[in-house]
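Student: I have a new structure open and I'm not sure how to read it. Could you walk me through some features?

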Amino acid sequence: MDSITHIVLGAVIGEALAGRKLGKKAMLYGAIAQSLPDIDFVASFWMDTSHDVLAHRGITHSFLFVLVMTPLLAWAAGVRESAGPVGGAGRIHGSGMTRGAWLVFFGLELFIHIFLDAFNAYGTGWFEPFDHYRVSFNTLFVADPFYSGWLGIAFLALLLTGRDSRRRRFWVCFGLITSSLYLCYCLVNKSRVDGLVRDELQRQHIAYDRYFTTPTPMNSWLWYIVAEDSAGYHTGYLSVFDRQRTIPFRYFPRNDSLLRFSSFRSRADVRSLLRFSKGYYTLEQWKDTLVFNDLRFGEMKGWEDPHAHCVFHYYLQYPGNNRVIVQRGRFSGWDGQTLRAFIRRVRGN
């Protein structure tokens, strides 16, 4: 998820776990702990783009990272075994937080971060460094205001509400329950869409080896579909509000021969991109430039433009021109007319 979501979610969870003992400091500690796995952004200052996208959500989003960092953070918070008579557990600054409470606090914050990130299309390295498989449930767009908005409201309300107010518990429940219900709703939508997509692929006699569905920007109603066969991909869009379930698929050849018979395949950046894309890639020639596309991140206005380029595109001849590669095509060319067309498509055909 985006950084703002992790901050407000971490703050609300922090209040739920330790607000009565730490006051509003619990929100601060929670926001910091929830954001900590994204410390891997620092690597981008020393890595080229292809290795950076692979490193992000890697080891710092693993179970190993959670297991190692949780006791370290608890120690840094000042928890010590006590030789005194206070129940065998140390307390810091009179907060009443025991070592076990700090372990639960930081462990839960870190785990929820890596768990929630796995609901995006990017992929999360839960099993690093022992296994490079990236977990991605393709259920939430990376920035979904219908998930984060409830948490943002709760966060602001908690900032403005007095430490001893009984309303604080209400706002914690409001933020966590409403966002969790929306996530459950997204899971229901995905299950429903997956079933409709399988039926439609069968009805159109489209043979495929694997497929995925993932939500389009900032919603859980319009879904992007990619079905892979041995030579390429069928792509399409389906809204949960569509009255006509027929999906107009377009076909894109993989064109991997453009790599097979060139020197590009042996390059380190190409090997990183192939691994990062999980095999969902195409090659295209844009004038004098060979472009590597990762289909998992969708198309630029693909629901209305049959010739739309992929959001994630990497210029193989010009590797230095690939900064902010995940974001540069996300809303490229959007204007008021595009937004209105997008809303119409979300509302169904």
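**Reading the contacts, strands and pocket**

Tutor: Let's start with one contact: the side chains of Arg-267 and Asp-269 meet in a salt bridge, with 2.7 Å from N to O. Keep in mind that this is a predicted model.

Student: What is the general idea behind a contact like that?

Tutor: Side chains of opposite charge can pair when their charged atoms come close. In this case Arg-267 is partly exposed, with a relative accessible area of 24%, while Asp-269 counts as buried at 9% relative accessibility.

Student: Which residues are joined into one network by salt bridges that share partners?

Tutor: Arg-210, Glu-228 and Arg-254 are linked that way.

Student: And how many salt bridges does the structure hold?

Tutor: It holds eleven salt bridges. One of them pairs Arg-168 with Glu-15, where the closest N and O atoms are 2.9 Å apart. Arg-168 sits in helix 7 (residues 167–203) and Glu-15 in helix 1 (residues 3–22), so this pair ties together parts that are 153 residues apart in sequence.

Student: Are Arg-168 and Glu-15 buried or exposed?

Tutor: Both Arg-168 and Glu-15 are buried. Now look at Asp-117, which forms a salt bridge with Arg-57; the closest N and O atoms there are 3.6 Å apart. Asp-117 belongs to helix 5 (residues 99–117), and Arg-57 to the loop between helix 3 and helix 4 (63–76), so parts 60 residues apart in sequence are tied together. Asp-117 has 0% relative accessibility and counts as buried. Arg-57 is buried too, with a relative accessible area of 4%.

Student: Let's move to cysteines. How many disulfides are there?

Tutor: First the idea: a disulfide is a covalent bond between the sulfur atoms of two cysteines. To count one here, we want the two sulfur atoms within 2.5 Å. By this rule the count comes to zero disulfides. Take Cys-184: it is in no disulfide, and the nearest cysteine sulfur, that of Cys-186, is 9.1 Å away.

Student: Is Cys-186 buried or exposed?

Tutor: Cys-186 counts as buried, at 0% relative accessibility. Cys-184, on the other hand, counts as partly exposed at 44%.

Student: Next, strands. Which way do strand 6 and strand 7 run, parallel or antiparallel?

Tutor: They run antiparallel, and five bridges join strand 6 to strand 7. To find one of these on your screen, start at Glu-299: its bridge partner in strand 7 is Cys-310. You can also check how strand 7 is placed. Five of the six residues of strand 7 (residues 310–315) are buried, so the strand is largely enclosed by the rest of the structure.

Student: What about pockets? How would I look for one?

Tutor: Rolling a probe the size of a water molecule over the atoms shows where empty space is left. In this model the largest pocket has a volume of about 980 Å³.

Student: Which residues lie nearest the centre of the largest pocket?

Tutor: Those are His-56, Tyr-122, Val-326, Gln-327 and Arg-330, out of 41 residues that line the pocket. By class, the lining has 21 nonpolar, ten polar and ten charged residues.

Student: Where does the largest share of that lining come from?

Tutor: From strand 6, which gives four residues. Helix 3 (49–55), strand 1 (210–215) and strand 6 (289–299) each supply at least two residues of the lining. So there's strand 6 again, the one joined to strand 7 by five bridges.

Terms used:
Residues numbered from 1 in each chain as written. Predicted model: local features only at pLDDT ≥ 70, side-chain atom pairs only at ≥ 80, totals over all residues. Heavy atoms only, no water. Buried < 20%, exposed > 50% of the residue type's maximum accessible area, 1.4 Å probe, protein only. 1 Å grid on protein atoms, 1.4 Å probe; cavity = no way out; pocket = protein on both sides within 12 Å on 5 of 7 lines; lining within 4 Å. Points joined across faces, edges and corners; volume = space filled by probe spheres on them. Nonpolar A, V, L, I, M, F, W, Y, C, P; charged D, E, K, R; others polar. Salt bridge = Lys/Arg side-chain N within 4 Å of Asp/Glu carboxyl O. Pairing = 2+ DSSP bridges.
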